[in-house]
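The following exercises are meant to be worked through with the sequence and the model side by side. Each task is followed by a solution that proceeds step by step.

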Amino acid sequence: MTDLCDRDGAQRLAAKIQDFWKKRGFDVSIEVKDEGFVSTMRSARSDVRSNMINGMPTKFFGEAATS
């Protein structure tokens, strides 16, 4: 089992998500954010953040951002 909560795992997960949506023509922005030590996990964790809404991309490649 791989750890997706450490920095390396979170970066691998972010790359997989971005590649998945890129192959389908969507522009997804993903970042890995270090959250520090979490006492309940007894370790540091890294979060994967994106510009998706409810797990779905918000725009196709080349589409202008709407505000």
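**Exercise 1. Determine which residues make up the largest nonpolar core, and which element gives the most to this core.**

Solution. The model is a predicted one, and the search begins with its buried nonpolar side chains. The largest nonpolar core consists of eight residues, namely A10, A14, W21, F26, V28, I30, V32 and M52. Assigning these to elements, one finds that α1 (7-23) and β1 (30-38) each contribute at least two residues of this core. Of the elements, α1 gives the most, with three residues.

**Exercise 2. Describe the order of the elements along the chain, and state what percentage of its residues is buried.**

Solution. The chain contains one helix and two strands, and read from the N terminus these follow the order α-β-β. Of the 67 residues in the chain, 21% are buried. Turning to the surface, the chain exposes about 5,200 Å², of which carbon and sulfur atoms supply 52%. As for the contacts within the chain, among those between residues at least 6 apart in sequence, 42% join residues at least 24 apart.

**Exercise 3. List the residues with which I30 is in contact, leaving aside its neighbours within four places in sequence.**

Solution. I30 is itself a member of the largest nonpolar core. Once the neighbours within four places are set aside, the contacts of I30 are A14, I17, Q18, V48, R49 and S50. Comparing this list with the core, one recovers A14, which belongs to the core as well.

**Exercise 4. Find the salt bridge that R7 forms, and explain what parts the pair ties together.**

Solution. As a starting principle, side chains of opposite charge can pair when their charged atoms come close. The structure holds six salt bridges, and one of them joins R7 to D34, with the closest N and O atoms 3.5 Å apart. Because R7 lies in helix α1 and D34 in strand β1, the pair ties together parts that are 27 residues apart in sequence. To classify the two partners, recall that partly exposed covers the range between 20% and 50% relative accessible area. R7, at 35% relative accessibility, is therefore partly exposed, and D34, at 49%, is likewise counted as partly exposed.

**Exercise 5. Identify the salt bridges that R49 forms with E35 and D47, and state which residues are joined into one network.**

Solution. E35 and R49 form a salt bridge whose closest N and O atoms are 3.1 Å apart. This pair links distant parts of the chain, since E35 is in strand β1 and R49 in strand β2 (residues 43-50), 14 residues apart. E35 is partly exposed, with a relative accessible area of 30%, and R49 is also partly exposed, at 35% relative accessibility. R49 further meets the side chain of D47 in a salt bridge of 3.3 Å, N to O, and D47, with a relative accessible area of 15%, is buried. Through salt bridges that share partners, K33, E35, R45, D47 and R49 are joined into one network.

**Exercise 6. Decide whether N54 is buried or exposed, and state what phi N54 has.**

Solution. Most residues other than glycine have a negative phi. N54, although not a glycine, has a positive phi of about 55°. N54 is placed in the segment after β2, and at 78% relative accessibility N54 counts as exposed.

Technical notes. Residues are numbered from 1 along each chain as its sequence is written. This is a predicted model: local features need pLDDT of at least 70, side-chain atom pairs count only at pLDDT 80 or more; totals for chains, interfaces and linings use all residues. Side-chain values use heavy atoms; hydrogens and water are left out. Helices (H or I, at least four residues) and strands (E, at least two) are DSSP runs, numbered from the N terminus. Buried means under 20% relative accessible area, exposed over 50%, partly exposed in between (1.4 Å probe, protein chains only). Contact means heavy atoms within 4.5 Å. Accessible areas come from the Shrake-Rupley method with a 1.4 Å probe; for residues, only the protein chains shown count as cover. A nonpolar core is a set of buried Ala, Val, Leu, Ile, Met, Phe, Trp, Tyr and Cys residues joined through side-chain atoms within 4.5 Å. A salt bridge is a side-chain nitrogen of Lys or Arg within 4 Å of a carboxyl oxygen of Asp or Glu.
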